[in-house]
Amino acid sequence: MLAVFEKATGNPPEELRLPSVGLDSDGKGTREEILQTFRLLWPESTFYHLSNGNFMTLSHGAQSPLHPSRSMVVMDDIFCIFIGTLVNICELRRHYGLSRQATEAMLVVEAYKVLRDRAPYPPDQVIKDLEGKFAFIIFDAKSGTLFVARDREGSIQLKWGMAGDGSLVLSDDPNTIEKACGKSSASFPPGCIFMNGNGLISIDHPLHKVKAIACQDDDGKICGVMFQVDLFTRLQSIPRNGSAANWADTAIVEGD
């Protein structure tokens, strides 16, 4: 899978740039170049072109016909790519009032809609109900909200990075990320949610900051970045009531 969003939409963490500071043109791709490269590699992929040159695409090359673990759906202008399996999908279908034909992608879209429209609780509470191995990307075209999540164990590979034009790039293919972002990339932290208005949130520690940690090589140069929960830095309380307006737009203030 691959999803690319302009900087103003994706709002990628600036720390993703750290490994490429001082290097010439390390983040090599623009959105157009990334799309062209992916299409050459995976011509059978499903593509969705979004506003402002943003796009989401899913390759079906590695999909099993008996146990499909890769799916992409569009419901009510909400785009979702889901990779993995939810072991409690039957229970979740009943909870959300969905048919037995509803896929994992359909289910997480429904969970997002409930959270956005009616929820009196923060997003981590809904993600906690998902049991299994998964990574997914949701983009709400109406509100411009980007919602990304990965299971606690990091069972499904998911990387993110910043392209040469500042765009946020998300993919389960390390080679795609490397070509698009060079060294300006990292593993998406397991057990976390990313929202373009709120930043990273830990599923199990939502009131603690998820911070970037620079990794250095033997020469003391930054060679990578990893993100992990800082149990010593707390965030302000996450709002627990409201509607689509205050759920999607309320920012979490991070302490220095």
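Which elements each supply at least two residues of the lining of the second largest cavity? In this predicted model, the elements that do so are α4 (104-118), α5 (123-127) and β6 (132-140), and the largest share of that lining, 4 residues, comes from α4.

A search of the whole structure finds 3 cavities of 30 Å³ or more, and the second largest of them has a volume of about 50 Å³. Its lining includes Val 108, Ala 111, Tyr 112 and Leu 115, together with Pro 123, Val 126, Ile 127 and Leu 130, and it is completed by Phe 136, Ile 138 and Phe 147. When the residues of this lining are divided by character, 11 are nonpolar, while none is polar and none is charged.

A separate topic is the backbone at two asparagines. Most residues other than glycine have a negative phi, whereas Asn 11 has a positive value, and Asn 52 likewise has a positive phi although it is not a glycine. Asn 11 lies in the loop between α1 (7-10) and α2 (31-41), and Asn 52 is found in the loop between β2 (46-49) and β3 (55-58).

| Residue | Phi | Relative accessible area |
|---|---|---|
| Asn 11 | near 50 degrees | 43% |
| Asn 52 | about 60 degrees | 51% |

With a relative accessible area of 43%, Asn 11 is partly exposed, whereas Asn 52 counts as exposed because its relative accessibility of 51% is over the 50% cut-off for that class.

How values were computed: Residues numbered from 1 in each chain as written. Predicted model: local features only at pLDDT ≥ 70, side-chain atom pairs only at ≥ 80, totals over all residues. Heavy atoms only, no water. 1 Å grid on protein atoms, 1.4 Å probe; cavity = no way out; pocket = protein on both sides within 12 Å on 5 of 7 lines; lining within 4 Å. Points joined across faces, edges and corners; volume = space filled by probe spheres on them. Nonpolar A, V, L, I, M, F, W, Y, C, P; charged D, E, K, R; others polar. Buried < 20%, exposed > 50% of the residue type's maximum accessible area, 1.4 Å probe, protein only.
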